[in-house]
Amino acid sequence: MNVLLVTVDSLRADRVNEEVMPFTRSFADDALEFTECVANGPATPASFPAIHASRHFASIEGLGIPAEGGGVVTLAERLRDAGYATSGYTDNHFASGSYHFDRGFDRMHDASSTTEAGKLKQFVQSNLDKDGALFKTIERVYTRVDALWSTTTGNESEYERAESLNRRALDWIAERDDDEDWFVWLHYMDVHHPYEAPDEYQRQFLDDPESVAECRRLSRKGRTTPRR
């Protein structure tokens, strides 16, 4: 029996409906659905220790899970020890190998750590005071450079899209023997800010779709200076 775990960052449960996500809604209607689940916390660092290791955020020192041991055993480790081939695909730094969520995975694709710019961005967000002058200066510079980069390079998204992660996972699955059980974890960031909605959805509310660069600028403005 194969096991597929799909997590979607920032997706509200009430958006899984016939109008917004008809395929997912139809799948849930024919499956066992838990309707009264409560997240272990409001953000990634608090949620994923519970998802991967059944541990409360406050029961572990620091962010993520221990590098090894520490009384923590992950789902991937359990399945790997049971003979499963395991692989994970994420573009969320706080749900990546940097915080030891690669434990138990034969292969972990972490798109957030594939570029030096991505590593620097995560370091700044994790270590600098967000109300400090240095952070605000770096943020202003990053916003301008990021907008220019997305305009000149045509980068589709700030995060690797679900379609791309799916393709990586399917390629890995295709390499498995027919009699080899596998466990795959997919973590999507498509609905996480900066809300880069495809053109066809933007046209439902706007005469002309906004560019990726403008979507990112508006998202950052909404988070940092919402009253302006």
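I count a residue as buried when its relative accessible area is under 20%. I keep in mind throughout that this is a predicted model.

**Entry 1: helix H2**

I looked up how far H2 is covered. Eight of its ten residues are buried, so the helix is largely enclosed by the rest of the structure. I listed the buried residues as Thr44, Pro45, Ala46, Ser47, Phe48, Pro49, His52 and Ala53. I then asked what covers these buried residues of H2. The cover includes strand E1, helix H3 (75-81) and strand E4. Just after H2 I found Ser54, which has a positive phi near 55°.

**Entry 2: Phe48 and the aromatic rings**

I turned next to the rings and found five aromatic pairs in the structure. One of them joins Phe48 to Trp185, with 5.9 Å between the centres and 55° between the planes, and I recorded the pair as tilted. Why does this pair tie together parts that are apart in sequence? Phe48 belongs to helix H2 (residues 44-53) and Trp185 to strand E4 (residues 182-188), so the pair connects parts that are 137 residues apart in sequence. I noted that both Phe48 and Trp185 are buried. Following the ring pairs further, I obtained a cluster that links Phe48, Phe101, Phe105, Phe183 and Trp185.

**Entry 3: a charge over a ring**

I also checked Trp172. The charged end of Arg176 sits over the ring of Trp172, at 4.3 Å from the ring centre.

**Entry 4: strand E1 and the surface**

I looked up Val8, which is in strand E1 (residues 3-8). Its relative accessible area is 31%, and I therefore entered Val8 as partly exposed. I found that Val8 helps to make a nonpolar surface patch of about 280 Å², together with Leu4, Val6 and Val191. E1 had already appeared in my notes among the elements that cover the buried residues of H2.

**Entry 5: the loop after H2**

I closed with Ala67, in the loop between H2 and H3. Is Ala67 buried or partly exposed? With a relative accessible area of 48%, Ala67 is partly exposed. I then looked for its contacts, leaving out residues up to four places away in sequence, and found that Ala67 touches His100 and Arg103. I recorded one C-alpha distance as well: Ala67 and Ser98 are 31 residues apart along the chain, and their C-alpha atoms are separated by 9.4 Å.

Definitions and conventions
Residues numbered from 1 in each chain as written. Predicted model: local features only at pLDDT ≥ 70, side-chain atom pairs only at ≥ 80, totals over all residues. Heavy atoms only, no water. Phe/Tyr/Trp six-rings, centres within 6.5 Å; stacked < 30°, edge-to-face > 60°. Helix = DSSP H or I, 4+ residues; strand = E, 2+ residues; numbered from the N terminus. Buried < 20%, exposed > 50% of the residue type's maximum accessible area, 1.4 Å probe, protein only. Lys NZ or Arg CZ within 6 Å of the ring centre and 35° of its normal. Patch = residues over 30% accessible without salt bridge, like charges linked within 9 Å, V, L, I, M, F, W, Y side chains within 5 Å. Areas by Shrake-Rupley, 256 points an atom, 1.4 Å probe, with all protein chains shown as cover. Salt bridge = Lys/Arg side-chain N within 4 Å of Asp/Glu carboxyl O. Contact = heavy atoms within 4.5 Å.
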